[in-house]
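Visitor: I'd like a close look at a single part of this chain, and at how that part sits in the whole. Could you walk me through it slowly?

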Amino acid sequence: MSLVAKKAPDFAEDAVVNKDFKKVHLEDYRGKWVVLFFYPLDFTFVCPTEITALSDAYEEFKKRNCEIVGVSTDSKFSHLAWINTPREEGGLGDLNYPLVADFAKRVSEEYGVLLPEGMALRATFIIDPEGNVQFELIHDLGIGRNVNEILRNLDALQYTREHGEVCPAGWEPGKDTMTPDPEKMKEFFRKNPQGHQ
């Protein structure tokens with residue numbers, strides 16, 4: 001079952017933060033948006049491309065009052081070893097956000113992404129400042145996420161919350177939105193006869 005529109009399951013787990021071991025508590029992020037993402041395993045192939053891309057885009061998320069938290073079922077020691085491995089050798093290098101060690105697999109299970117083999121699917125959750133899940137995308141292990149698409153979805157969620165309008169297919173900041181009203185929506189379709197931008 002989807003977690004969208006439900007309270008995000010809370011957790012307090014060991015993590016690597018700025019190359020130190022610290023406890024990360026989801027509740028501590030209340031008041032901010034959170035991109036919580038799960039990935040299968042450290043020292044793999046697709047995962048470092050996503051993790052480093054998110055880290056490189058961290059300032060864009062921060063501008064949107066959003067923090068990033070990564071989770072896998074590896075240990076905090078494995079996380080630290082991977083962070084201490086240079087990017088050119090398949091490692092992560094310095095990261096701008098925490099990597100949570102879900103070694104007991106509780107967090108992955110509560111978010112519905114735990115595979116029978118004991119690792120997590122690729123999953124992205126966007127959690128609002130009140131701690132509710134507003135977006136969920138779960139997919140197979142072989143394809144990496146698009147950071148710009150995560151930002152686009154975050155922008156759309158924030159826009160609809162602030163303005164009370166809805167965002168059509170392919171919406172990006174600055175493009176036309178729709179008023180969720182049978183009469184007022186016709187204005188959008190007059191300007192966009194194909195139904196999208």
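**A loop glycine and its surroundings**

Guide: Let's start with the whole: of the 197 residues in the chain, 48% are buried, where buried means under 20% relative accessible area, exposed over 50%, and partly exposed in between (1.4 Å probe, protein chains only). Keep in mind that this is a predicted model, where local features need pLDDT of at least 70 and side-chain atom pairs count only at pLDDT 80 or more, while totals for chains, interfaces and linings use all residues. Residues are numbered from 1 along each chain as its sequence is written, and side-chain values use heavy atoms, leaving out hydrogens and water.

Now for the part itself, Gly 31. You'll find Gly 31 in the loop that links strand S2 (20–25) to strand S3 (33–38). Helices (H or I, at least four residues) and strands (E, at least two) are DSSP runs, numbered from the N terminus. Gly 31 counts as partly exposed because its relative accessibility is 43%. Leaving aside residues up to four places away in sequence, Gly 31 touches Asn 65 and Pro 129; a contact here means heavy atoms within 4.5 Å. For a sense of distance, take Ala 169, which is 138 residues from Gly 31 along the chain: their C-alpha atoms are 28 Å apart.

Let's step back to see what that loop belongs to. The chain has 6 helices and 7 strands, and from start to end they run β-β-β-α-α-β-α-β-α-β-β-α-α. Among contacts with a separation of 6 or more, 64% join residues 24 or more positions apart. The C-alpha trace spans about 60 × 35 × 30 Å along its principal axes.

What about the cysteines? With a disulfide taken as a pair of cysteine sulfur atoms within 2.5 Å, the count is 0. Cys 47 is in no disulfide, and its nearest cysteine sulfur, on Cys 66, is 20 Å away. Cys 167 is in none either, with the sulfur of Cys 66 as its nearest, at 16 Å. Cys 47 counts as buried because its relative accessibility is 1%, whereas Cys 167, at 24%, counts as partly exposed.

Last, the charges: there are 23 positive and 33 negative side chains, and the centres of the two sets lie 3 Å apart. Lys and Arg count as positive and Asp and Glu as negative, with His and the chain ends not counted; each charge is placed at NZ of Lys, CZ of Arg, CG of Asp or CD of Glu.
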